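Dear colleague,

I am handing over the structure below, and my notes on what was found in it follow directly after. Please read them with the coordinates open beside you.

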Amino acid sequence: MDISSFYNISSGAIQKAAENSSIANIQPTGEFTSLFDKAVENLSTTNSYLSDAENEELRWALGETDNTHELSIALQKASTALQYTVAIRDKVLEAYKEIMQMQI
């Protein structure tokens with residue numbers, strides 16, 4: 001099971017959006033910046049766990065290791081991190097949709 005094939009999470013687009021916001025002379029507040037930095041950190045951690053799981057799968061498939069314990073731990077970490085990231089994404093999208101439906 002290749003978890004990374006389900007979601008290819010990249011923080012590059014998020015970083016580019018952050019850079020573009022400073023180009024447009026938008027000064028982020030301290031709270032938003034902190035929240036944004038934590039989101040980028042979360043994506044990086046999730047990518048790391050997905051990469052580790054994929055590497056462990058490859059090592060096991062190639063016969064470089066017989067330790068299924070490390071493989072199952074890596075897969076569980078990746079799965080949990082991905083579920084957490086998707087849950088956060090869903091909440092952010094839900095909040096965005098609610099804000100967009102507000103009447104001014």
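I88 has a relative accessible area of 34% and is therefore classed as partly exposed, since that class covers whatever falls between the cut-offs of 20% and 50%. Please keep in mind, here and throughout, that this is a predicted model. I88 sits in helix α3, which covers residues 68-101, and together with Y84 and V92 it makes up a nonpolar patch on the surface. The accessible area of Y84, I88 and V92 together comes to about 290 Å².

On the charged side chains, the count of salt bridges comes to two, and I will take them one after the other.

One salt bridge pairs E56 with R59, with 3.0 Å between the closest N and O atoms. Both E56 and R59 belong to helix α2, which covers residues 30-61, and they are three residues apart, or about one turn of the helix. How do the two partners stand with respect to burial, buried or partly exposed? E56 has a relative accessibility of 14% and so counts as buried, because the buried class takes in values under 20%. R59, in turn, has a relative accessibility of 31% and therefore counts as partly exposed.

The other salt bridge pairs D90 with R89, and here the closest N and O atoms are 2.9 Å apart. D90, at 37% relative accessibility, counts as partly exposed, and R89, with a relative accessible area of 39%, is partly exposed as well.

Turning to the chain as a whole, how many helices and strands does it contain? The chain has three helices and zero strands, so that, by the run of elements from the N terminus on, the order reads α-α-α. Of the 104 residues in the chain, 18% are buried. When contacts between residues at least 6 apart in sequence are considered, 74% of them join residues at least 24 apart. As for the surface, the chain exposes about 8,100 Å², and 57% of that area is supplied by carbon and sulfur atoms.

To return to the details you may wish to look at in the model, they are the nonpolar patch of Y84, I88 and V92, the salt bridge between E56 and R59, and the salt bridge between D90 and R89.

With best regards

Note on methods
Residues are numbered from 1 along each chain as its sequence is written. This is a predicted model: local features need pLDDT of at least 70, side-chain atom pairs count only at pLDDT 80 or more; totals for chains, interfaces and linings use all residues. Side-chain values use heavy atoms; hydrogens and water are left out. Patches are made of residues with over 30% relative accessible area and no salt bridge: like charges are joined within 9 Å, nonpolar side chains (Val, Leu, Ile, Met, Phe, Trp, Tyr) within 5 Å. Accessible areas come from the Shrake-Rupley method with a 1.4 Å probe; for residues, only the protein chains shown count as cover. A salt bridge is a side-chain nitrogen of Lys or Arg within 4 Å of a carboxyl oxygen of Asp or Glu. Helices (H or I, at least four residues) and strands (E, at least two) are DSSP runs, numbered from the N terminus. Buried means under 20% relative accessible area, exposed over 50%, partly exposed in between (1.4 Å probe, protein chains only). Contact means heavy atoms within 4.5 Å.
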